[in-house]
Amino acid sequence: MEIDILYEDGQLLVCRKPAGVPVQSGKVGQKDMVSILRNYRNGKEGDTYIGLVHRLDQPVQGVMVFAKTKMAAAGLSRQITDGRMKKQYLAVTCGKPMKKQGALVDYLLKDGRTNTSSIVPEGTKGAKRAELRYRIIAETPGYALAEIDLLTGRHHQIRVQMTGAGMPLAGDRKYNLSDAGQTEKYVALAAHRLSFEHPVLKKEICFEGKPEGAIFKKFESFPEKTDECKNLTE
């Protein structure tokens with residue numbers, strides 16, 4: 001598989017994960033991002049260490065950062081823990097949104113037997129608070145393009161919360177119970193923008209990747225690259 005690398009230096013590697021490829025898999029013979037990147041590094045360098053610091057669901061595409069040293073892995077992990085690593089997503093939702101923008105706060109409970117999460121009342125045992133902000137940036141008949149700022153990182157959070165708000169994602173066969181958008185092979189969700197502090201340079205950096213897939217091509221325009229989102233390669 002060809003790797004779409006956005007940036008690489010001695011400490012980290014930023015790339016786009018394709019939809020359908022797991023980040024890490026325990027299945028024998030199944031390719032995952034960690035093993036693919038280790039093989040890539042093995043062809044270039046002696047040390048093949050790849051530190052996994054965050055995840056994307058298997059059907060979700062988008063920008064990810066991996067550490068190439070244990071020091072970088074620790075530094076990036078701390079940023080996730082204290083909320084300094086920022087993640088922004090693009091999602092194609094089905095139907096006409098009730099509101100053009102808003103904040104969603106729910107409590108999610110994961111069911112390990114079915115690998116699903118559901119919205120439950122606050123105070124439910126085992127439930128975790130989930131928060132995101134969304135903004136509808138484009139519409140086409142039957143669909144809308146939403147830009148989403150993920151403020152917490154819960155299991156299937158965007159898919160569950162957007163469905164709960166009446167905006168199920170196209171191609172989502174776990175939570176979208178309608179027929180709309182189900183011709184898509186994968187859920188129409190992409191990690192569009194990722195920003196964090198470089199663990200060695202101590203400089204805020206940001207990377208973006210345009211989502212792929214027929215459902216995203218229904219929209220003629222995508223968010224312009226923000227002034228503060230400048231890659232180290234520029």
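User: What is the volume of the largest pocket?
Analyst: This is a predicted model. Its largest pocket is lined by 45 residues. The space in that pocket comes to about 1300 Å³.

User: Which residues lie nearest the centre of the largest pocket?
Analyst: The lining has 14 nonpolar, 17 polar and 14 charged residues. Five of its 45 residues are placed nearest the centre: Arg55, Lys87, Tyr89, Leu150 and Gly153.

User: Which element gives the largest share of the lining of the largest pocket?
Analyst: Helices H2 (70–81) and H3 (157–164) each supply at least two residues. So much is also true of strands E5 (86–94), E9 (143–150), E10 (189–197) and E11 (204–208). The largest share is 4 residues, and its source is E5.

User: What volume does the second largest pocket have?
Analyst: Its lining includes Leu108, Leu109, Lys110 and Ser117. Gly126, Lys128, Gly153, Arg154 and His155 line this pocket too. Its volume is about 150 Å³.

User: Which strand gives the largest share of the lining of the second largest pocket?
Analyst: By class, this lining has 2 nonpolar, 4 polar and 3 charged residues. One strand, spanning residues 101–111, contributes 3 residues, the largest share. That strand is E6.

User: How many salt bridges are there?
Analyst: A pair counts when a side-chain nitrogen of Lys or Arg is within 4 Å of a carboxyl oxygen of Asp or Glu. Arginine 84 and aspartate 82 qualify, at 2.9 Å from N to O. By this rule the count is 13.

User: Is arginine 84 buried, partly exposed or exposed?
Analyst: Buried means under 20% relative accessible area, and exposed means over 50%. Aspartate 82, its salt-bridge partner, has 44% and is partly exposed. Arginine 84 has 38%, so this residue is partly exposed.

User: How far apart in sequence are the parts that glutamate 197 and arginine 84 tie together?
Analyst: Glutamate 197 forms a salt bridge with arginine 84, with the closest N and O atoms 3.9 Å apart. Glutamate 197 lies in strand E10, while arginine 84 sits in the loop between H2 and E5. The pair therefore ties together parts separated in sequence by 113 residues.

User: What relative accessibility does glutamate 197 have?
Analyst: The buried class lies under 20%. Glutamate 197 counts as partly exposed, at a value of 22%.

User: Which residue forms a salt bridge with glutamate 139?
Analyst: The closest N and O atoms of the pair are 3.6 Å apart. Glutamate 139 is in strand E8 (residues 128–140), and the partner is in the loop between E5 and E6, 43 residues apart. Glutamate 139 is partly exposed at 37%, whereas the partner is exposed at 63%. That partner is lysine 96.

User: Which residues do salt bridges with shared partners join into one network?
Analyst: Shared partners link the bridges here. The network consists of Asp4, Arg16 and Glu212.

User: Is glutamine 61 buried or exposed?
Analyst: Glutamine 61 is found in strand E4 (residues 61–67). Beyond four places in sequence, this residue touches several others, including Leu56, Leu189, Pro211 and Phe216. Its relative accessible area is 6%, and the cut-off is 20%, so glutamine 61 is buried.

User: Which side chain makes a polar contact with the side chain of glutamine 61?
Analyst: Glutamine 61 touches Arg16 and Glu212, among others. Both of these belong to the salt-bridge network with Asp4. The polar contact spans 2.7 Å, and the partner is arginine 16.

Note on methods:
Residues numbered from 1 in each chain as written. Predicted model: local features only at pLDDT ≥ 70, side-chain atom pairs only at ≥ 80, totals over all residues. Heavy atoms only, no water. 1 Å grid on protein atoms, 1.4 Å probe; cavity = no way out; pocket = protein on both sides within 12 Å on 5 of 7 lines; lining within 4 Å. Points joined across faces, edges and corners; volume = space filled by probe spheres on them. Nonpolar A, V, L, I, M, F, W, Y, C, P; charged D, E, K, R; others polar. Buried < 20%, exposed > 50% of the residue type's maximum accessible area, 1.4 Å probe, protein only. Polar contact = N/O pair within 3.5 Å; in protein donor to acceptor, adjacent residues only side chain to side chain. Contact = heavy atoms within 4.5 Å.
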